[in-house]
Amino acid sequence: MGCSGGSGWQGAKVGNKPRLGVQLCGVDLPNPLILASGILGTEAELLARVAQSGAGAVTAKSCSLEPRAGHSNPTVLAWEHGLINAVGLANPGVEAEVEELARTRALLEPLGVALIASVFADTVENFARVAGRVVDAGPDLLEVNISCPNVHHEFGTPFAADAAAAAEVTAAVREAVAGQVPVLVKLSPNVSDIAEIARAVETAGADGVTAINTLTGMVIDVHARRPILANRTGGLSGPAIRPLAVRCVYDIYRAVDLPIVGTGGVSSGRDALEMVLAGATAVGIGSAVYGEGPEVFGQIADQMDELLEELGYASVEEARGAAHR
């Protein structure tokens with residue numbers, strides 16, 4: 001089900017940059033830059049705009065088996081060094097998601113840009129059910145979100161916080177999709193040893209991992225003397241978390257033999273290359289889109305290409321993991 005980086009890509013804003021082409025879990029991407037889940041929702045035309053602006057792949061907002069309202073406002077706050085949000089994974093449910101994903105795939109295919117569907121659930125069984133249904137839309141990859149800091153499973157913590165629970169979800173999803181699509185498992189930094197969780201999902205059959213999801217944080221209004229977000233705590237993202245994300249990618253690369261989508265605070269070509277040097281195959285971009293718009297993908301791709309040339313790398317793959325050598 002690979003998404004080709006062929007002639008259709010010529011119409012995209014970033015142009016053809018052979019040095020940036022990568023393969024993620026067998027899927028060809030014209031460049032390693034991926035729209036992170038949850039930033040721009042699931043609307044097909046909006047995701048296509050991101051593709052035209054220079055993304056190598058786009059990730060739709062995570063969906064659940066049934067529609068979900070999410071948390072009350074305020075849900076998102078821009079603070080000095082990034083964002084904090086507690087949207088609560090609001091989504092229309094898997095049936096509506098499948099229809100929109102199918103529309104998105106039709107728009108992305110001529111551009112040679114891959115579509116990544118994202119799913120979450122409150123039980124292992126529901127993870128399997130929603131994953132099994134989402135693949136009917138024909139995504140190129142499936143991201144399994146076991147790590148949202150504001151949505152817990154039936155035992156009160158995210159599945160990503162426990163190696164056995166993470167492995168159980170991974171195995172159930174693998175069985176449900178029956179090899180139709182590669183499975184990426186999205187890991188949490190809110191753990192004592194992210195490498196242990198990565199090893200657990202690798203053993204359970206993950207094809208790759210996304211690292212990291214947001215950190216749990218809080219911002220208090222000193223005048224109101226109460227947390228600003230309605231949910232009190234939220235997921236912290238943006239430049240402030242990049243060094244932690246890089247360290248997590250570095251640790252995971254040493255622990256497992258899986259492709260990694262390095263995500264967290266990337267806003268420039270230098271940031272993206274830092275993730276690759278730590279071991280990432282591809283690089284997720286989220287908060288930077290919130291601040292700069294979809295055009296940030298073209299800017300980062302140009303910067304990354306120039307930096308690779310400056311440093312003497314003929315490809316992204318050649319630079320991957322170089323910080324370990």
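Glutamate 143 is buried, and lysine 186 is buried too. These two charged side chains pair up in a salt bridge, at 4.0 Å from N to O. They come from separate stretches of the chain: glutamate 143 sits in strand E8 (residues 141–145) and lysine 186 in strand E9 (residues 183–186), 43 residues apart. Keep in mind that you're looking at a predicted model. On confidence, the protein chain averages a pLDDT of 91, with 93% of the residues scoring at least 70. The stretch to treat separately is residues 1–13, where pLDDT stays under 50 and the model has 35 contacts beyond four places in sequence.

Stay around strand E8 for a moment and look at the nonpolar packing. The largest nonpolar core has 109 residues, and Leu142 and Ile146 are the ones with the most contacts inside it. Helix H4 is the top contributor to this core, giving 8 residues. So what does isoleucine 146 touch, once its neighbours within four places in sequence are set aside? Its partners are Phe127, Pro158, Phe159, Ala160, Ala166, Val169, Val185, Lys186 and Leu187. Lysine 186 turns up again in that list, having already appeared as the salt-bridge partner of glutamate 143.

Back to the charges. The model has 19 salt bridges in total. One of them joins arginine 49 to glutamate 295, with the closest N and O atoms 3.2 Å apart. That's a long way round in sequence: arginine 49 belongs to helix H1 (residues 44–52), while glutamate 295 is in the loop between helix H8 (287–292) and helix H9 (296–311), 246 residues apart. Buried or exposed, or something in between? Arginine 49 has a relative accessible area of 39%, so it counts as partly exposed. Glutamate 295 is also partly exposed, because its relative accessible area is 25%, and the cut-off for buried is under 20%.

Another pair is aspartate 207 with arginine 174, meeting at 2.8 Å, N to O. Aspartate 207 is in the loop between helix H5 (194–203) and strand E10 (208–211), and arginine 174 is in helix H4 (residues 163–177), so this salt bridge ties together parts that are 33 residues apart in sequence. Here too the residues are partly exposed: aspartate 207 has a relative accessible area of 24%, and arginine 174 has 31%.

Salt bridges can also be chained together, and Arg242, Arg270, Asp271 and Glu274 are linked in such a network. Arg242 leads us to helix H6 (residues 242–255), which has 14 residues and reaches 20 Å from its first C-alpha to its last, close to the 20 Å expected at 1.5 Å a residue. Which residues of H6 are buried? They are Arg242, Ala245, Val246, Cys248, Val249 and Ile252. Viewed down the helix axis, the buried residues fall within an arc of 160°, which means that they line one face of H6. Over on the other side, Pro243 and Arg254 are exposed. The cover over the buried residues includes H5, E10, strand E15 (260–263) and helix H7 (269–278).

Finally, head to the start of the chain. Asparagine 16 is in the segment before strand E1 (22–24), and its 46% relative accessibility makes it partly exposed. From asparagine 16 to glutamate 43 is 27 residues in sequence and 26 Å in space, C-alpha to C-alpha.

Terms used:
Residues are numbered from 1 along each chain as its sequence is written. This is a predicted model: local features need pLDDT of at least 70, side-chain atom pairs count only at pLDDT 80 or more; totals for chains, interfaces and linings use all residues. Side-chain values use heavy atoms; hydrogens and water are left out. pLDDT is the predictor's confidence in each residue, from 0 to 100. Contact means heavy atoms within 4.5 Å. Helices (H or I, at least four residues) and strands (E, at least two) are DSSP runs, numbered from the N terminus. Buried means under 20% relative accessible area, exposed over 50%, partly exposed in between (1.4 Å probe, protein chains only). A nonpolar core is a set of buried Ala, Val, Leu, Ile, Met, Phe, Trp, Tyr and Cys residues joined through side-chain atoms within 4.5 Å. The expected span of a helix is 1.5 Å times one less than its number of residues. The arc is that of the directions from the helix axis to the C-beta atoms.
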